[in-house]
Amino acid sequence: MSSREKPTPGRLLLDDTVPLAAVIEASQNLQSHTEYIVRVQRGVASENSWQVIRRYSDFDVLNSSLMVCGISLPLPPKKLIGNMDREFIAERQRGLQAFLDSITQHPLLSSSLIVKKFLDPNNYSANYTEIALQQVSMFFRSDLKWEVLEPLRDNGWRIRKKYFLIKNKEQPKERFLLSWVDLGPDKFLSDKDLQSAMKLLTSLSTPYLCPLLFSSTSESSALLIRPFSERGSLRDHICKVKPRESYLKKYCNPKKSQGLELQHIKLYGRQILEGLKLLHDGGLFFGHLHASNVIVDDGVCRLADVENGILGVPSALRPAFTQLRKINTTESIDVFCFGHLLHEMMYGRPPDGVPVDQYPDDPPAAVVSVLQSTLSTEACKSGMPSVAQLIRTPLFADVPLRHSEKLQIKVPSRLREALRAAKEGLERRLQEEQRMIHQHRRLTRAQSHHGSEGERKKRKSLARKKSRQSAYENEEDVSVRNNNNSGSGASSPPTCPSSPTPPSTTEALTAPPAPPPPPPAVLDSSSRPPLASSDAAGGGRSALLSSIQAFSKGKLKKAVM
């Protein structure tokens, strides 16, 4: 989003966490090279689809840009001679598809700006670092006590968030972290309420929340200043990396990552849960818990970037919990994220995917119990426990806290109501997206089942059965029609001459009359032989002989046809 765009409460901006899928649909040969047509799909909505055209050299540049991550990606090798051959192009296309799949299925690589520009150049062509520098320069002109020491390039995964190391001229030895971030699609607070909420956060001083020293919000972005931790985040500690290095280099394939000891898991976990409970009790929502947002300071875990929720930026784990319809509230999101964080503290890495039902290396039963309640198949189907329930589990219930006094955040009633409405708006958007994904998954399963080999054989067998049934019914119809014609009087049945049977009245009415026979030859009345009557039956033989003798051929008349 450009810095000049003005988001309004509830306006749907581009969500960078929605995954992109890429399929190479075809290739086309030009004079000296081959171009590959890539179909890109954002999310599940059919209208969010487009094509990009890329050459092999473009894939090669992308691979070179991602080498910093330390992962060997399956890019097909170069070929100078015979690279226009049809079979070779088909084989290379399959290899490039495997290369794209390995990138789009990796959570960190797929969310990087390099990959987004490759697949979606229209939406990711802006220079976000330059935009951030402009905003920071404008701020420094209005407050001269701050000075930029260096930009921290690629320090975080979020595309629309940039970091700078700064100092206060009045405290030259102290280092501070300045971050500039675009407002996100989950910003449901009005500008006035957002300023009030940010003012509240800068006034907080609690042991489990990283202090926010300064905040300034505009129509489209926010500028934030907090203390800089030289030791880095909890994830830097787990991965044993230098905090100022590129996040792709630090986290994609860490070589020395190691889980924490049980006593630290218990202590850090309890402190993080106390921070979440503090936010929830105050009516604030977080949704951005992960190891990079936890700072360990003098043995105490503090939650960082707690303002992300009210700024509307999407969660890093959003692609995971949008698949699970039971995780549909802000508290259930935080609990789900805590399960991922606990897994990382235990094993030195976040889970590869959810649900998680196998826990290797025989972890302590108390850890397994909490992991099962937040990451297992059963938990993902039935729902998450509350933060208070997690605190009461055997893993955390007996952890002694340095700050035993009851902590609370006092939120003005008007702001609390605005935060409640914003939280409901965030949850509605999440539930709508979950519904769309669920419907798409059902449709995909139905189409897959319809196109399966067994289903095709079943449909063919059913079609053959219907064809045989139809043929049998046609034969029966023909037979019935023939029988009806036989009984209609069109051809009289044979009868005995001595006992003629007249046709029935019904048959005479329904059957059509037979065509008349040709007329017989007409005889002259004077030459017509006398007919035998019943009275002259006795002399019939004599009359016949007399008629034959009296017959004259010349008296016959020509028959009229």
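**View 1. Cavities in the predicted model.** This predicted model holds two cavities of 30 Å³ or more. The largest cavity has a volume of about 120 Å³, while the second largest has a volume of about 70 Å³.

**View 2. The lining of the largest cavity.** Among the 14 residues that line the largest cavity, those closest to its centre are Phe 286, Gly 287, Ser 315, Ile 333 and Leu 426. Three helices, H11 (318-321), H12 (330-347) and H16 (413-450), each supply at least two residues of this lining. Sorted by class, the lining of the largest cavity comprises eight nonpolar, four polar and two charged residues.

**View 3. The lining of the second largest cavity.** Around the second largest cavity stand Leu 201, Leu 204, Ser 205, Thr 206, Leu 209, Cys 210, Pro 211 and Leu 212, together with Val 306 and Glu 307. By class, this lining has seven nonpolar residues, two polar residues and one charged residue.

**View 4. Cys 69 and Cys 252, a pair of cysteines without a bond.** A disulfide is a covalent bond between the sulfur atoms of two cysteines, and a search of the whole structure finds zero disulfides. For the sulfur of Cys 69, the closest cysteine sulfur is in Cys 252, at 4.8 Å, which is too far for a bond, because a disulfide requires the two sulfur atoms to lie within 2.5 Å. Seen from the other side, the sulfur of Cys 252 likewise has its closest cysteine sulfur in Cys 69. Cys 69 is buried, with a relative accessible area of 1%, and Cys 252 is also buried, with a relative accessible area of 11%.

Note on methods
Residues are numbered from 1 along each chain as its sequence is written. This is a predicted model: local features need pLDDT of at least 70, side-chain atom pairs count only at pLDDT 80 or more; totals for chains, interfaces and linings use all residues. Side-chain values use heavy atoms; hydrogens and water are left out. On a 1 Å grid over the protein atoms alone, a cavity is a set of points where a 1.4 Å probe fits but cannot get out, and a pocket is an open set with protein on both sides within 12 Å along at least five of seven lines; lining residues have an atom within 4 Å of a point. Grid points are joined across faces, edges and corners, and a volume is the space filled by probe spheres set on the points. Helices (H or I, at least four residues) and strands (E, at least two) are DSSP runs, numbered from the N terminus. Ala, Val, Leu, Ile, Met, Phe, Trp, Tyr, Cys and Pro count as nonpolar, Asp, Glu, Lys and Arg as charged, and the others, Gly among them, as polar. Buried means under 20% relative accessible area, exposed over 50%, partly exposed in between (1.4 Å probe, protein chains only).
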